Amino acid sequence: METIALRNGVEMPLLGYGVLQMKEPRQCEKCVQAALESGYRMFDTAASYGNEEPVGRALKKYMDEGKVRREELFVITKLWIDDAREDSAGKAFETSLAKLGLDYIDLYLVHQPYGDYYGAWRAMEKLYEEGRIRALGVSNFSPERLVDLCMNSHIPPMVDQVELHPFYHQEQALHIMRELGVQPQAWAPLCEGLRNIFSNKVLEKIGKKYGRSVAQTALRWNIDRQVSVVTRSSIPEHMREDFDIWDFSLSDGDRKLISGLDLGYSEILDYGNPCIARMFLSKKGHSR
Ligand SMILES: NC(=O)c1ccc[n+]([C@@H]2O[C@H](COP(=O)([O-])OP(=O)(O)OC[C@H]3O[C@@H](n4cnc5c(N)ncnc54)[C@H](OP(=O)(O)O)[C@@H]3O)[C@@H](O)[C@H]2O)c1
């Protein structure tokens with residue numbers, strides 16, 4: 001497992017396991033257990049996913065069995081919009097911590113660039129200074145929102161988790177993150193399986209050269225550009241396949257071929273569309 005150093009020196013794995021849409025608790029717990037067995041040590045959940053408890057149970061069981069130590073794990077969770085205020089972010093954090101059964105979080109993210117996230121950020125900075133959070137970050141922040149938060153905070157974000165995959169490269173956003181010292185992290189690195197990604201001819205052909213699948217090629221492409229990724233599968237065989245990407249790198253020529261796949265826009269979530277903001281603002285986090 002390769003790691004990358006965040007601005008504060010904390011080492012973050014370049015590959016993690018995400019639990020979006022895993023609503024059934026026993027199934028979620030089983031998947032996290034299988035991901036641990038496959039080698040994953042970074043886990044990405046959120047208050048709004050409603051599954052911090054089963055994630056925490058699976059991690060605890062694995063630790064209790066002596067198979068992993070807490071300091072070997074890297075746990076990410078996120079603050080939802082309905083708690084993105086100075087007077088409730090701290091309480092939402094404690095709720096996440098209790099649900100996960102942990103006494104600190106490795107990376108705590110503002111999930112969406114909506115609500116009073118400046119107030120929330122001040123509360124998160126306090127938790128960071130108290131040692132309850134090892135790294136602070138945001139998710140789905142566009143470059144201009146990221147610049148503004150970086151310029152108007154005491155502790156600027158260390159990570160921005162955004163949509164990044166072979167059909168949506170966001171090179172300009174990555175350039176700005178790097179200028180700001182913000183580590184990019186990819187969500188949906190397999191484009192959620194959309195656009196027939198797993199039978200894409202360009203990715204298939206490149207993968208074949210290295211004896212790798214489309215999924216492995218897509219994940220390695222982001223990692224080769226020093227983007228940390230969180231991916232999801234409910235099939236142990238896929239989990240093992242997705243984790244087995246540490247002994248190859250794509251050539252410049254192959255990266256150039258993947259450049260041709262960039263649509264330049266997201267087909268999953270268009271943050272420029274006000275309906276998306278309305279949809280997220282109507283959703284609940286812990287208070288669901
Ligand atoms: N911050 C945010 O706003 C945000 C938004 C979206 C996602 N996320 C995070 O990012 C994580 C990953 O994104 P995602 O879950 O949206 O999608 P993703 O990882 O891009 O794709 C998941 C899909 O890929 C399939 N898959 C995985 N490995 C495969 C393989 N080797 N061969 C064939 N199919 C494979 C899975 O199906 P199988 O189960 O059949 O393998 C699943 O349908 C999430 O779980 C979540 O933690 C964050």
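A polar side-chain atom of R232 lies 2.4 Å from an oxygen atom of the ligand, a polar contact being a pair of N or O atoms within 3.5 Å. The model described here is predicted, so that local features need pLDDT of at least 70 and side-chain atom pairs count only at pLDDT 80 or more, while totals for chains, interfaces and linings use all residues. Residues are numbered from 1 along each chain as its sequence is written, and side-chain values use heavy atoms, with hydrogens and water left out.

Two further side chains approach the ligand through polar atoms. In H238, a side-chain N or O atom is 2.6 Å from a ligand oxygen, and in E192 a polar side-chain atom is placed 2.7 Å from an oxygen atom of the ligand. Taken alone, the ligand exposes 890 Å², of which the protein buries 89%; accessible areas come from the Shrake-Rupley method with a 1.4 Å probe.

The ligand occupies the largest pocket. On a 1 Å grid over the protein atoms alone, a pocket is an open set of points where a 1.4 Å probe fits, with protein on both sides within 12 Å along at least five of seven lines. A molecule sits in a pocket if more than half of its atoms lie within 2 Å of the pocket's grid points.

The shell around the ligand holds 27 residues, and D44, R232, S233, H238 and D242 come nearest; a residue is counted as near if one of its heavy atoms lies within 4 Å. By character, the shell divides into 12 nonpolar, 9 polar and 6 charged residues, with Asp, Glu, Lys and Arg taken as charged, Ala, Val, Leu, Ile, Met, Phe, Trp, Tyr, Cys and Pro as nonpolar, and the others, including Gly, as polar. The elements that give two or more residues to this shell are β10 (228-231) and α9 (236-243), and α9 gives the most, with 3 residues. Helices (H or I, at least four residues) and strands (E, at least two) are DSSP runs numbered from the N terminus.

Two loops contain a residue with an unusual backbone angle for discussion. Q170, in the loop between β8 (159-163) and α6 (171-180), has a positive phi of about 55° although it is not a glycine. R195 lies in the loop between β9 (183-187) and α7 (201-210), and this non-glycine residue also has a positive phi of about 55°.

Note on methods
Polar contact = N/O pair within 3.5 Å; in protein donor to acceptor, adjacent residues only side chain to side chain. 1 Å grid on protein atoms, 1.4 Å probe; cavity = no way out; pocket = protein on both sides within 12 Å on 5 of 7 lines; lining within 4 Å.
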